[in-house]
2 protein chains.
Amino acid sequence: MGYRHRREDMLAAAVDVARAEGLSSLSFGRVARQVGTNDRTVVYYFPTKADLIGAVLLTLGEELQALLAEAFGEQPIPPDDLVKRAWPALARPDSQPIFALFFEIIGLAAVGATPYDVLAPAMLEQWLAWLEPRLAVDDPVERRAHALAVLARIDGLLLLRTIAGSEAAQEAARVSGLTDR
Amino acid sequence: MGYRHRREDMLAAAVDVARAEGLSSLSFGRVARQVGTNDRTVVYYFPTKADLIGAVLLTLGEELQALLAEAFGEQPIPPDDLVKRAWPALARPDSQPIFALFFEIIGLAAVGATPYDVLAPAMLEQWLAWLEPRLAVDDPVERRAHALAVLARIDGLLLLRTIAGSEAAQEAARVSGLTDR
């Protein structure tokens with residue numbers, strides 16, 4: 001287990017596998033082969049499959065959040081403006097593989113599959129914690145409710161894009177007042 | 001293959017299995033055991049797994065649509081009113097198992113798993129065809145765009161409920177103007 005097989009290398013390999021083949025293909029063996037090591041080395045860094053998948057989700061989430069932070073700017077903004085700024089950033093075709101994985105997790109969690117039934121709510125909480133301070137809503141209870149509503153609006157459009165394609169999602173976004181054309 | 005093993009019996013058994021264990025547990029053998037027959041009898045009525053799953057989805061969809069038709073009334077209504085009437089009908093706890101299956105399919109379709117990659121868009125088209133004539137929007141292009149937006153709004157809230165629970169979804173619905181309290 002040399003310096004070439006550090007945690008970051010394993011995580012990068014796991015992210016690659018997940019993007020290319022979905023989370024159902026993500027296993028210790030698959031990551032080990034990708035890095036050119038053995039299963040035990042992967043397990044040393046990620047003791048359970050939930051650790052491995054959780055780390056992949058966190059990495060992909062941070063990638064999206066970096067993209068969004070740029071679109072949102074420095075100051076908290078009203079919920080409607082936030083959704084309007086988020087949509088064009090998220091609607092970029094290159095972010096679709098990330099959402100495909102998010103929907104895979106949500107689908108698995110929906111029918112109670114472990115560890116997704118725990119990972120999906122944790123992923124949502126992480127998004128809420130990230131969103132709330134970016135919303136210009138004074139009351140904390142209302143702020144959380146608006147953060148939930150923002151996620152519901154965006155996830156609904158992304159779900160539509162995943163199933164019906166980009167054009168259908170853009171049409172829905174347009175009549176929802178999120179885009180001009 | 002007597003009268004006791006008709007198509008309806010198989011379909012009812014398949015719906016039961018899907019509700020109780022998710023679509024990933026749905027197989028010819030599982031349905032055959034449930035009805036007390038053999039695989040070949042099931043295959044006679046549902047030649048492929050896509051036929052079987054497609055029929056289950058259609059049955060569950062029709063169940064939801066019957067519920068919604070009652071909430072919508074006879075006349076076409078504006079998109080916002082339609083979402084407001086749909087939400088309390090869909091937010092009933094007993095409809096959650098159906099949505100869990102819908103999200104399972106969407107998750108599988110998102111990562112390109114067959115036959116879900118074909119079934120999910122077909123399911124969406126069936127919902128659009130059902131919704132469009134219920135929307136009081138004159139222009140057909142706008143009507144379709146609004147039908148897409150209605151599905152995105154409702155699916156976003158249902159997704160939230162699936163992951164974060166009923167209370168979180170109700171909070172999001174409240175600040176989105178869908179409920180009074």
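The legends below describe three close-up views of a predicted model.

**View 1. Helices α4 and α7 of chain A pack against each other.** Helix α4, which spans residues 49-72 of chain A, meets helix α7, residues 116-131 of chain A, at an angle of about 25°, and their axes lie 11 Å apart. Because angles under 35 degrees count as roughly parallel, α4(A) and α7(A) are described as roughly parallel to each other, and their crossing is right-handed. On the α4(A) side the contact is made by residues including A:Ile53, A:Leu57, A:Gly61, A:Leu64 and A:Phe72, while α7(A) contributes, among them, A:Tyr116, A:Met123, A:Trp127 and A:Trp130. Sorted by class, this contact of α4(A) with α7(A) has 14 nonpolar and four polar residues, with no charged residues.

**View 2. A cis peptide bond precedes Pro115 in chain A and in chain B.** Most peptide bonds are trans. In chain A, however, the bond from A:Thr114 to A:Pro115 is cis, with omega near -5°, and A:Pro115 is placed in the loop between α6 (96-110) and α7 of that chain. In chain B a cis peptide bond joins B:Thr114 and B:Pro115, with omega about -5°, and B:Pro115 lies in the loop between α6 (96-110) and α7 (116-131) of chain B.

**View 3. Chain B and chain A meet at an interface with two salt bridges.** Here 34 residues of chain B are in contact with 34 residues of chain A, and the area buried between the chains is about 2800 Å², of which carbon and sulfur atoms give 80%. One of the two salt bridges is formed by B:Arg174 with A:Glu142, whose closest N and O atoms are 2.8 Å apart.

Notes
Residues are numbered from 1 along each chain as its sequence is written. Chains are lettered from A and ligands numbered from 1 in the order in which they are written. This is a predicted model: local features need pLDDT of at least 70, side-chain atom pairs count only at pLDDT 80 or more; totals for chains, interfaces and linings use all residues. Side-chain values use heavy atoms; hydrogens and water are left out. Axes are lines fitted to C-alpha atoms, for helices over the stretch in contact, and angles run from 0 to 180 degrees between N-to-C directions. Helices (H or I, at least four residues) and strands (E, at least two) are DSSP runs, numbered from the N terminus. Angles under 35 degrees count as roughly parallel, over 145 as roughly antiparallel, 65 to 115 as roughly perpendicular and the rest as oblique. A crossing is left-handed if the near helix is turned anticlockwise from the far one by less than a right angle, and right-handed if clockwise. Contact means heavy atoms within 4.5 Å. Ala, Val, Leu, Ile, Met, Phe, Trp, Tyr, Cys and Pro count as nonpolar, Asp, Glu, Lys and Arg as charged, and the others, Gly among them, as polar. Buried area is the accessible area (1.4 Å probe) that two parts lose on being put together, summed over both. A salt bridge is a side-chain nitrogen of Lys or Arg within 4 Å of a carboxyl oxygen of Asp or Glu.
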